[in-house]
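Have the sequence and the structure open side by side for this one. We'll start with the whole chain and then zoom in on one strand.

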Amino acid sequence: MKEENQQFDVASHFVSILEKDDNMSPGIAAIKTLLMVLEKTKFDTVQEFHSTLQAAVGAMRKTDKPMTSVVSGTELFSRFITLAKFDDKTMDEVREIMLNRGKMFLEKLLESRNVIAKQAITFITEGCRILTHARSRTVREALILAAQNNKRFHVFVTHSAPDHHGEQMVRELENEGIDCTLILDTAIGYVMETVDMVLVGAEGVVESGGIVNRIGTVTMAICAREMKKPFYALVESFKFCRLYPLNQRDLPNEYKNDG
């Protein structure tokens with residue numbers, strides 16, 4: 001990496017993107033950061049490019065932000081932008097190709113929540129009662145889209161201690177005219193028998209089919225299964241991880257983040 005490029009603070013840029021936009025997934029913020037690295041850095045070899053990206057991802061992994069979607073998203077990004085043919089290309093041309101492919105990749109990801117929301121509203125029926133856990137941006141978008149399509153329903157939102165993100169979720173939904181009830185985390189079993197479905201988001205999906213999400217999700221899932229309630233996870237495809245944990249404790253510590 002050239003000396004003039006070393007002044008770019010990857011971690012600070014990554015964190016600042018998330019702080020400026022509360023609706024952005026850490027995975028999307030990481031990909032935007034890698035695009036900035038690609039724009040600001042000159043490479044002499046493809047190997048140097050890979051080393052620079054790995055160092056950038058390493059810097060982001062040292063922050064206190066949730067890492068599941070960061071790891072999965074950046075791995076997919078790196079594979080996607082290097083699929084093009086680079087034979088007989090100069091490094092400047094290779095860099096330009098990678099930039100164009102990276103921007104195309106980001107555009108597709110930015111549209112993914114809307115695609116998921118359109119699919120999800122087919123499951124939301126008139127007058128149904130929905131339980132969700134804390135605040136999921138993808139779930140919120142699906143519920144808002146359903147309301148905009150003139151569907152009436154009621155949403156139960158867990159308080160989600162200790163950060164109380166459920167309160168924020170309720171405010172955002174009520175601002176869109178959606179009826180909500182904020183419940184204690186311990187009231188899941190009490191409310192479950194009255195709802196028609198459970199909708200949750202996720203930070204990641206592992207190879208066993210399990211999801212990585214904030215603490216309390218597994219309790220909700222077990223309760224839903226026992227009471228035979230449909231349980232749906234709304235997750236973007238870039239959050240699929242190359243992990244196969246055998247149990248809760250087998251998940252790497254960097255993937256365990258209550259935020």
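What follows is a short walk from overall shape to a single strand and its neighbours.

Keep in mind that you're looking at a predicted model. The chain is built from nine helices and seven strands. How does its overall size stack up? A compact globule of 259 residues would have a radius of gyration near 18 Å, and the chain comes in at 20 Å, so the two agree. If you box up the C-alpha atoms along the principal axes, you get roughly 65 × 40 × 30 Å.

Now for how the chain packs. Of the 259 residues, 48% count as buried. Take the contacts with a separation of 6 or more: 74% of them link residues 24 or more positions apart. On the outside, there's about 13,500 Å² of accessible surface, with 49% of that belonging to carbon and sulfur atoms. As for charge, the chain carries 32 positive and 36 negative side chains, and the centres of these two sets sit 3 Å apart.

Next, zoom in on strand 4, residues 197-200. In a regular strand, side chains alternate between the two faces of the sheet. Here Met-197 and Leu-199 take one side while Val-198 and Val-200 take the other, and all four are buried, so both faces of the strand are covered.

Which strands does strand 4 pair with? One partner is strand 1 (residues 129-132), joined in the parallel sense over three bridges; there, Ile-130 stands opposite Met-197. Another is strand 7 (residues 231-233), which also runs parallel to strand 4 and is joined to it by three bridges. In that pairing, Val-200 has Ala-233 as its bridge partner.

Conventions: Residues numbered from 1 in each chain as written. Predicted model: local features only at pLDDT ≥ 70, side-chain atom pairs only at ≥ 80, totals over all residues. Heavy atoms only, no water. Helix = DSSP H or I, 4+ residues; strand = E, 2+ residues; numbered from the N terminus. Rg over C-alpha atoms; globule rule 2.2 N^0.38 Å. Buried < 20%, exposed > 50% of the residue type's maximum accessible area, 1.4 Å probe, protein only. Contact = heavy atoms within 4.5 Å. Areas by Shrake-Rupley, 256 points an atom, 1.4 Å probe, with all protein chains shown as cover. Lys, Arg positive; Asp, Glu negative; His and termini not counted. Charge placed at Lys NZ, Arg CZ, Asp CG, Glu CD. Pairing = 2+ DSSP bridges.
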